Amino acid sequence: MLQIHYFASVREAVGRDREQIELPGDVATVADLVRHLRTVDAGFERMIGEQEQVLVAVNQAVAGDEGAVADGDEVAFFPPMSGG
């Protein structure tokens with residue numbers, strides 16, 4: 001199972017703050033997971049289309065498209081942060 005968390009405007013766009021999903025057999029990277037979620041969840045597809053950029057963390061470490069995703073991981077999606 002993957003634990004997926006959505007934060008801030010991403011949470012608002014998908015309409016939930018978290019979910020658990022079975023890791024699909026064809027998902028091995030962050031890019032694979034995003035592709036999968038886009039095909040199975042209209043809210044996620046809309047969110048990706050509306051956000052300029054979405055950051056992803058796997059097990060609390062920011063990960064790029066090629067970051068590995070494995071069963072039991074915690075994945076978080078959140079908007080870019082800015083500060084002053």
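**Reading a five-stranded sheet**

Reader: How many bridges join S3 to S4, and do these strands run parallel or antiparallel?

Author: Two strands count as paired if DSSP finds at least two bridges between them. Strands S3 and S4 are joined by three bridges and run antiparallel. Val58 has Ala61 in S4 as its bridge partner. This is a predicted model, in which local features need pLDDT of at least 70 and side-chain atom pairs count only at pLDDT 80 or more, while totals for chains, interfaces and linings use all residues. Residues are numbered from 1 along each chain as its sequence is written, and side-chain values use heavy atoms, with hydrogens and water left out.

Reader: In what order do the strands lie in the sheet?

Author: Strands (E, at least two residues) and helices (H or I, at least four) are DSSP runs, numbered from the N terminus. Here five strands make an open sheet of mixed pairing, ordered S2-S1-S5-S3-S4. Strand S2 (18-21) and strand S4 (61-63) are the edges, each pairing on one side only. On average, neighbouring strands of this sheet are turned by 30° against each other, direction ignored; axes are lines fitted to C-alpha atoms, for helices over the stretch in contact, and angles run from 0 to 180 degrees between N-to-C directions.

Reader: What joins S5 to strand S1 and to strand S3?

Author: Strand S1 (residues 2-6) runs parallel to S5, with four bridges between them. Strand S3 (residues 55-58) is also joined to S5 by four bridges, but these two run antiparallel. Phe77 in S5 stands opposite Tyr6 and is the bridge partner of Val56.

Reader: How many residues of S5 are buried?

Author: Buried means under 20% relative accessible area, exposed means over 50%, and partly exposed lies in between (1.4 Å probe, protein chains only). In strand S5 (residues 74-78), four of the five residues are buried. Over the 84 residues of the protein chain, the buried share is 38%.

Reader: Why does Asp41 count as buried?

Author: Asp41 sits in the loop between helix H2 (30-40) and helix H3 (42-50). Asp41 counts as buried because its relative accessibility is 16%. The Asp41 side chain reaches the backbone nitrogen of Gly43 at 2.8 Å.

Reader: How do the elements run along the protein chain from the N terminus?

Author: The protein chain has three helices and five strands, in the order β-α-β-α-α-β-β-β from the N terminus. Its C-alpha trace spans about 40 × 25 × 20 Å along the principal axes.

How values were computed:
Polar contact = N/O pair within 3.5 Å; in protein donor to acceptor, adjacent residues only side chain to side chain.
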